[in-house]
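Student: Please take me through one part of this model at close range, starting from a single residue. After that, I would like to hear about the interior and how far the prediction can be trusted.

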Amino acid sequence: MMIDRSRRWYRLTRRGLLKGTVAGMGLALAGPMASSRLMAAQAEDQLSMMGWADYISPDNISAWESANNSRLIYDSYASNDEMYSKLQLAQGNSGYDVGMNTDFMIKLLIDKQLIQKLDKSQIPNIGNIRPEVANPNFDPGNEYTVPKSWGSQGFIYDKSVITRPMKSWNDFLEAVVNEASGQVSLLDDPLAIAPLFWSKGLSWNSTDEAALKDAEEQVGKLATHIKAFNSYPVQDVASGSVILAQCWNGNAKQAIDSSGNENLVFVYPEPISEMWLDSYHLPVGGKHPNAAHSWINFVLDPEVAAREVTYTGFLSPVAGVENKLDPSIADHPLIFPPADAQKRGERTVRNETYDRRIAILTKFKAAAAQ
């Protein structure tokens with residue numbers, strides 16, 4: 001579901017009420033809570049955070065708040081560019097203590113001096129980061145960031161309506177203009193146009209002018225078939241108002257879990273898709289730095305990380321989390337993308353065509369709104 005963009009208590013969302021008791025409020029909270037209490041005197045009475053909607057376990061929020069005698073206030077955004085714009089316009093007065101962005105955006109935030117270095121002395125759990133996601137090329141040494149979650153992208157559809165096999169982005173685009181016409185949701189993100197490249201076996205980071213022109217032409221043809229641009233289509237898919245949606249794997253799991261619709265199927269499409277890594281960071285000017293570091297240390301505990309995986313449906317960057325997961329979760333294909341899907345995944349690159357791709361998305365959305 002989407003969280004109201006207005007500032008509110010995150011733990012009161014509908015999904016929080018439904019899923020907050022996945023393992024009960026007494027789910028092995030003692031360990032992480034005990035470690036957080038060591039830092040409780042340091043944490044301020046408030047922590048302001050901004051990130052993707054429906055992306056943090058309400059149980060973890062409650063546990064951290066109780067342990068630190070503080071409250072977490074959460075705002076959601078629709079895209080990486082929205083977060084970047086807020087920080088850029090605020091110039092150190094955004095009001096946020098913690099933010100999060102996807103891999104390709106981090107170096108820009110560092111270069112623009114919009115985020116600040118971490119105080120690792122306040123993050124003893126930083127050693128729990130998995131080697132494969134530690135020390136990323138966009139932030140060597142994790143000086144500015146710690147990883148939050150990682151995952152893949154694909155599409156979810158209702159097989160009672162789209163009855164033919166669906167395996168590729170070509171299949172997806174065919175269904176957009178046929179069986180699913182008028183009931184299609186795409187990401188509210190430049191990645192909405194990525195299938196136009198991936199379906200041809202091209203990187204969506206392409207600098208090829210012919211490929212970019214072709215994508216620009218195609219969006220005009222597809223626009224009339226699109227119902228919504230929504231980065232969190234969970235509620236629309238679960239309700240049946242959308243029968244085909246481009247989405248991230250964890251959101252697909254949320255939709256399937258909340259819908260009770262056994263006809264919903266998620267596909268990791270061929271021949272190329274996305275693999276991404278989201279990271280926490282500290283915006284410049286945050287007023288509650290101790291609370292911010294306390295939260296980041298807290299979520300790097302394996303027990304806390306296991307609740308994040310269970311709630312969000314995304315991979316955790318924390319070593320040892322697999323030992324804390326329920327067996328039904330530990331090998332779930334919507335949480336752990338198959339090896340072949342991971343090999344087909346590519347990272348977004350903020351290269352010389354990125355602004356052009358944003359412009360194509362803008363044209364796409366304008367045409368769909370007519």
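Tutor: In this predicted model, valine 177 touches Leu222 and His225, once residues up to four places away in sequence are set aside. Take the histidine partner: the C-alpha atoms of valine 177 and histidine 225 are 6.0 Å apart in space, although 48 residues separate them in sequence. Valine 177 itself sits in helix H6, which covers residues 169-177. Is it buried or exposed? Valine 177 has a relative accessible area of 34%, and because that value lies between the 20% and 50% cut-offs, it counts as partly exposed.

Now for the interior. The largest nonpolar core has 98 residues, and Met49, Leu244, Tyr280 and Trp295 have the most contacts inside it. Tryptophan 295 is a good one to click on: beyond its neighbours within four places in sequence, its contacts are Leu47, Met49, Ile56, Asn60, Ile61, Trp64, Leu72 and Tyr280. Another core, of 13 residues, lies apart from the largest one, with Val237, Val242, Phe266 and Leu334 among its members.

Next, the empty space. There are three cavities of 30 Å³ or more, and the largest has a volume of about 180 Å³. Its lining has 17 residues, with Trp52, Tyr55, Trp248, Trp276 and Asp278 nearest the centre. Helix H10 (249-259) and strand E11 (273-283) are the elements that give two or more residues to this lining, and E11 provides the largest share, three residues. By class, the lining of the largest cavity divides into nine nonpolar, four polar and four charged residues.

The second largest cavity has a volume of about 100 Å³. Among its 15 lining residues, Lys148, Ser149, Val299, Glu308 and Pro317 are closest to the centre. Strand E6 (145-158) and helix H12 (302-312) each supply at least two residues to that lining, with the largest share, four residues, coming from H12. Here the lining of the second largest cavity has ten nonpolar, three polar and two charged residues.

Finally, how far to trust it. The chain has a mean pLDDT of 89, and 89% of its residues reach 70 or more. Residues 1-41 call for care: pLDDT stays under 50 there, yet the model has 86 contacts for this stretch beyond four places in sequence. Where pLDDT is low, predicted coordinates should not be read in detail.

How values were computed:
Residues are numbered from 1 along each chain as its sequence is written. This is a predicted model: local features need pLDDT of at least 70, side-chain atom pairs count only at pLDDT 80 or more; totals for chains, interfaces and linings use all residues. Side-chain values use heavy atoms; hydrogens and water are left out. Buried means under 20% relative accessible area, exposed over 50%, partly exposed in between (1.4 Å probe, protein chains only). Contact means heavy atoms within 4.5 Å. A nonpolar core is a set of buried Ala, Val, Leu, Ile, Met, Phe, Trp, Tyr and Cys residues joined through side-chain atoms within 4.5 Å. pLDDT is the predictor's confidence in each residue, from 0 to 100. On a 1 Å grid over the protein atoms alone, a cavity is a set of points where a 1.4 Å probe fits but cannot get out, and a pocket is an open set with protein on both sides within 12 Å along at least five of seven lines; lining residues have an atom within 4 Å of a point. Grid points are joined across faces, edges and corners, and a volume is the space filled by probe spheres set on the points. Ala, Val, Leu, Ile, Met, Phe, Trp, Tyr, Cys and Pro count as nonpolar, Asp, Glu, Lys and Arg as charged, and the others, Gly among them, as polar.
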